[in-house]
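Biologist: Could you take me on a close look at one part of this model, the parallel sheet and the core around it? I would also like to hear how the rest relates to that part.

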Amino acid sequence: MKLRSLEDLERVRQEGKTLLWPAEGKILVGMASCGLASGAAAVYQAFCEAVESQGLKFRVGETGCLGFCAREPIAELRFPDETRIFYGEMDRDKALELASSFSHGDLRPDLALGRIGGDPAWEIPELEQITFYRGQRRRVLADCGLINPLDIREYIAQGGYFAAWQALHMPPEAVLEEIKRAGLRGRGGAGFPTGKKWELARSAPGPKKYVICNGDEGDPGAYMDRSVLEGNPHSVIEGMIIGAYAVGADEGYIYVRAEYPLAVKHLRIAVAQAEELGLLGSDILGTTFSFRIHIFEGAGAFVCGEETALIASIEGRRGQPRPRPPYPVGSGLFGKPTVINNVETWANVPLISRHGAEWFRTLGTSRSPGTKIFSLTGKVRNTGLVEVPIGTPLGQLISEVGGGPPQGKALKAVQIGGPSGGCLPAELLDLAIDYETLTQAGSMMGSGGMVVLDEDTCMVELARFFLEFTQAESCGQCPPCRIGTKRMLEILTRITAGRGRPGDLELLEELAHGVQETSLCGLGRTAPNPVLTTLRYFRAEYEAHLAGHCPAGVCRALFSYAIAEEKCAGCGLCLRVCPSGAIWGEPGKPHRIVKALCIRCGACVSVCPKGAIAKL
Amino acid sequence: MSDMNQVVDRIIARHPGEKNLIPALQEIQGELGYLPELALEAVAQRLKIPLSRVYGVATFYAQFRLTKPGEHLVQVCRGTACHVRGSQVIQEALAREFGGDGRVSLEEVRCVGCCSLAPVVVVDGRPFGRLDPQKAVSVVRGAL
């Protein structure tokens, strides 16, 4: 049934509310990719069985990601009065146990992670008071983990598509003006003002225009786009409807990585449901505005995150960037004016249309208002997706929200923005995270990947890893990127292999600047960032490698394992797991490692009960 | 062979025109498991474009396979978070264990977006997180 009026939309909202907060209560399991990878499907199954066999009144449902990946799988008990209780690190047994406790009215505070609403007497901490959530301001992620992404009515229940209705009943110029006043900047990395981009496309001549959602989240270490597409796909679709109306486009594409099969599935369902309700298609919401969305599965190429390469890919060609200008806003997809924004940017649009520019500007800085989502991973206790106001100090994010490195290790550096970003040392933790400050420090906002590194990470090897990535992902079109990154990789490889030569660091720097200045697109221009920042902040580590030593004990040619005789009990565990037969010894007597045979896989270290094996 | 031509015909009919080359190749690979040379030739013929264009696209994108994969697809994530948490050692352990096993295709993927559960291995489309070499080997063995 097509929705034609505000009353129609309101009716669906009421319907959605009964689904979101059913009178009989609801048990939910977070079923996004990270939940599933940690076993959410078995938890969901267990709850279904328990409800069935014990005749419980609860409904069992699925939802998206709550962002607290370190505690996945996460389950939730939800009451009709909007009280929610969360349980982390679920498994099948815990699910069965919880279900039977619930049937006796026992909320199991001993197993609970936190609550929203409810009674302080329950002795369950408020979710917002947990360190992981305390520093966060969840706007874009607010409904992720609350609504069922597979049911459009639950999105509408949260006020979804009301912003689209409102926008479609305003002049397009007024919609555009609101986005401009909000000061929204592109969340894909470069931070270009979204309103400005829309205005350029709007004023470009011609009746045919396109809007594109860039969901080619290729930065290894970033997954906020995946989470939004999986957990709240309608927020992106609604943003695109508003954007298309403002610029005068009637067709849109969502370009999403094929490596995100669940995101693709949820998007397809979401688009179909929106079409069914007349939110996509012709005469949307009773107006004369028409807009269609196609979903395009990216076939796996990092460079397609670059807008002109992405366009080439949708047109059926190799994803090779072309020189700009002309910019896509003037001549983009099939030569028509095209607006390309990333997933998080689009998801911000309905929020601005709904709450207004002033509300949007209440968080963030005056130059960069709003929030930014980061994926906090690597050597940090609370891994997960975090949304904080732009301008939040880096240290607060890592030490408070993230809880610092696990096992009492020392924080060494943070890699921001993936292979195009840079490594910032622990000394720069008071830096406020902003587009400009990060660029000044030699890194960049990028997509928001934030990989925390501790003392066990070798910065030279990490730089080599990133360059290996960008070198392999170079499209090969322009020589500085194709050849320059290759030569740089060769130098880094020989340094980490213990074959570095005098003058290598200077040569590396010279090449890096050359590639940075002369490459055609952003991939080549940013590829040297990890190398340049590690050279700038961790030069001593490079010099140690040239002198034949890897301080972090990572580069295999530059360290070896040895067994401390006085600690070894001769149990033989190490000898059994050694894949290369490098450990010799008799039962009950100290064993030893034959250096020439050892492949430095570390298998022995992980099994030794005495902690007798160490790096030299 | 006629089977393969039918597959190509059916898919090209659904995705006509050169601009649909990528979705067409994705669906052909979805049905055949990979892109055999003859299928690429058939696609070029149906779309009336040079084989070099089809081959160029098929080899540009990481998703496309030009050789027949094993029964089970094991993808080791080599993204940054997995890398700093030891994915290389996992990959080596899997290669040692299953490298000679024709049933297993061992691939590297750049990032599957489960970074907080690093290191991650995807077995036949199912992600497994928080692995170490021994766990990874037993996860793959369990799938065989």
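Modeller: Happy to; here is the sheet, then its core, then the other parts. A word on conventions: residues are numbered from 1 along each chain as its sequence is written, and chains are lettered from A and ligands numbered from 1 in the order in which they are written. This is a predicted model, with local features needing pLDDT of at least 70, side-chain atom pairs counted only at pLDDT 80 or more, and totals for chains, interfaces and linings using all residues, while side-chain values use heavy atoms and leave out hydrogens and water.

The sheet is open and has four strands in the order β8-β7-β6-β9 of chain A, with parallel pairing. Helices (H or I, at least four residues) and strands (E, at least two) are DSSP runs, numbered from the N terminus, and two strands pair if DSSP finds at least two bridges between them. At the edges are β8 (292-298) and β9 (338-342) of chain A, each pairing on one side only. From one strand to the next, the twist averages 20°. Strand β7 (residues 251-257) of chain A runs parallel to β8(A), joined to it by seven bridges; Val256(A), for example, has Glu297(A) in β8(A) as its bridge partner. In a regular strand, side chains alternate between the two faces of the sheet.

Helix α11(A) lies across β6 (210-215), β7, β8 and β9 of chain A, at about 150° to β6(A). Such angles run from 0 to 180 degrees between N-to-C directions, with axes being lines fitted to C-alpha atoms, for helices over the stretch in contact.

That helix also leads us to the core. The largest nonpolar core (buried Ala, Val, Leu, Ile, Met, Phe, Trp, Tyr and Cys residues joined through side-chain atoms within 4.5 Å) has 91 residues, of which Tyr161(A) and Phe291(A) touch the most other members. Helix α11 (residues 233-247) of chain A supplies nine residues, the largest share of this core. Buried here means under 20% relative accessible area, exposed over 50% and partly exposed in between, using a 1.4 Å probe and protein chains only. Beyond its neighbours within four places in sequence, Tyr161(A) is in contact (heavy atoms within 4.5 Å) with residues including Leu9(A), His234(A), Ile237(A), Glu238(A) and Ile241(A). Apart from this core lies another, of 46 residues, among them Leu310(A), Ile12(B), Leu40(B) and Leu47(B).

Now to chain B, where 38 residues are in contact with 61 residues of chain A. The two chains bury about 3,600 Å² between them, 56% of it on carbon and sulfur atoms; this is the accessible area (1.4 Å probe) that two parts lose on being put together, summed over both. On the chain B side, Phe60(B), Thr80(B) and Arg110(B) lose the most area to chain A, together 18% of what that side buries.

Chain B has an open sheet too, of four strands in the order β2-β1-β3-β4, with mixed pairing. Its edges are β2 (104-109) and β4 (126-128) of chain B; each has a single partner strand, so one side of each lacks a neighbour in the sheet. Neighbouring strands there are turned by 25° against each other on average, direction ignored.

Back in chain A, strand β4 (residues 84-87) runs antiparallel to β5(A), with four bridges joining them. Strand β5 (residues 112-116) of chain A is mostly covered, with four of its five residues buried.
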